[in-house]
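Hi,

Here is the structure I promised to pass on. Have a look at it first, and then read my notes underneath.

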Amino acid sequence: MMKKLFVFSAVMRGFACAAAFASAPALYPVAGLTAQDMPYDAGGVVLLKWRAMPYDGPFASYQVLVSSSAQGPWMKAAAFRSDKNFSDGIKLPFWAWSGSKNAHALRVELSGLFPVSSSGAAAPASRFETRCYCKVVATDEYGARAESAAVPAVARANWFSLPRLNNLVYALGLWAVFLWFIMRARRKDYFLRRLPGLDALDGALGRAAETGRPVYYLTGRLDISSMSTIAAVSILGNVAEKTAAYGAALKVPHIDPLTMTVCQEIVRQSYASAARPDAYRDDMNFFLSSEQFAYTAAVDGMIARDRPAACIYTGYYYAESLLLAEVGASVGAVQIAATDAEHQLPFFFTTCDYTLMGEELYAASAYLSRDPVQVGTLRGQDAGKAAVLAIIALGLLATTLGTVFGWRELVRVVTDPVTSF
């Protein structure tokens, strides 16, 4: 009985396969095959396009062959099922690409496909372009095969990337916003949120002048290429101008020689602005060590001996933050910290009198100097953040509605401008 059922099942499967074979569309070479340079890229990529075929489906597949000659030899660049890789799957924004399900499109990377010559370049490549031939072979699960004619292609580097036009628009828009706020700041005194740590700076520096004890100013662990160090150096100019006016001694130990050189010039200019160029000395800024804990030990020893009236920690810090601030607290110094190193904030909170968190470090210089350029830039950043939050909210709403109601184009129009391509 089981044997008869097995034979019957095999016969029925044979009839089903025969019916499927008889009803399957016949294979023939793909139509409308074109090979062109992939637009908006840096070169080395060819874009193949051909029309959707009647036999596209799960039982047929395509192979893309590439060669440096129309006669071959041919190398397989890609293979995929024929119901995949339509032109609407190319990841480009709507203002640079319009795809559909009526045509196949495939990006073919030419790098690595061709042999390398003794000059180090691919055989079919010149300095600015790569030439090749491409063809598409259609196959099915029964072994049928249909091969298209070879088409030439040239891959070139493009001068302008249209998909990144949104980045250019945002940059120009942000520049215009900054310029507008700077011009407004020259005519209007903008309100800046109060920062208690900076309000206490005058008192700390005045205390140093009254007691005859120095002020220690640290610019952090990183070098001058770091944004946090640049902000720390900018704040140093305001602090140096106040110490010059009050007659307090300023000491700035450094971990980076280049930062020390920059700070020397800034402190010199600050003393000149305070009409005290005679009080400036080059040894206010001095280099200790580029090693983290050697520098920390040296500064701790100096703080313990000099017993400064104020210690100001700005910039980026690592494990040395607590080692420095704890010694400063032990000698009774007024301590003010400003850092964007969020993992060190707990230690500064514990040991310092005032702590500026995150972006307050970058706002400190504008807060102290009230310079229109810095204040306008700060207001421009705030406007940019507000715009980003509004875009996120609108994008979330539009994407949710588009997903629920199937508005695919709406989702694309909303998400493409805020996507990096």
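A quick definition before the cysteines: a residue counts as buried when its relative accessible area is under 20%. Cys-134 comes out at 0%, so that residue is buried. Cys-132 is buried too, with a relative accessible area of 2%. Bear in mind as you read that this is a predicted model.

Are those two cysteines in a disulfide or in none? A disulfide here needs two cysteine sulfur atoms within 2.5 Å. The nearest cysteine sulfur to that of Cys-132 belongs to Cys-134 and is 3.9 Å away, so Cys-132 is in no disulfide. Cys-134 is in no disulfide either, its nearest cysteine sulfur being that of Cys-132. The count for the model is zero disulfides.

Now the overall picture. The protein has twelve helices and 14 strands. Its radius of gyration is 34 Å, while the globule rule gives 22 Å for 421 residues, so the protein is more spread out than a compact globule. Along the principal axes, the C-alpha trace spans about 105 × 55 × 55 Å. Even so, 66% of the contacts with a separation of 6 or more are between residues 24 or more positions apart.

On the surface side, buried residues make up 40% of the 421. The accessible surface is about 22,400 Å², and carbon and sulfur atoms account for 61% of that. As for charge, there are 38 positive and 35 negative side chains, with the centres of the two sets 9 Å apart.

One helix to click on is helix 10, residues 360-369. Eight of its ten residues are buried, including Glu-360, Tyr-367 and Leu-368. Right after helix 10 comes Arg-370, with a positive phi near 55°.

That brings me to the backbone oddities. Most residues other than glycine have a negative phi, and most peptide bonds are trans. Here are the spots to check against that:

- Tyr-40 has a positive phi, near 70°. Tyr-40 sits in the loop between strand 1 (34-37) and strand 2 (45-51) and is partly exposed, at 25% relative accessible area.
- Ala-275 has a positive phi near 60°. You'll find Ala-275 in the loop between helix 6 (257-273) and strand 11 (285-287), and at 60% relative accessibility this residue is exposed.
- The peptide bond from Gly-72 to Pro-73 is cis, with omega near 0°. Pro-73 is in the loop between strand 3 (60-67) and strand 4 (75-81).

Cheers

Terms used. Residues numbered from 1 in each chain as written. Predicted model: local features only at pLDDT ≥ 70, side-chain atom pairs only at ≥ 80, totals over all residues. Heavy atoms only, no water. Helix = DSSP H or I, 4+ residues; strand = E, 2+ residues; numbered from the N terminus. Rg over C-alpha atoms; globule rule 2.2 N^0.38 Å. Buried < 20%, exposed > 50% of the residue type's maximum accessible area, 1.4 Å probe, protein only. Contact = heavy atoms within 4.5 Å. Areas by Shrake-Rupley, 256 points an atom, 1.4 Å probe, with all protein chains shown as cover. Lys, Arg positive; Asp, Glu negative; His and termini not counted. Charge placed at Lys NZ, Arg CZ, Asp CG, Glu CD.
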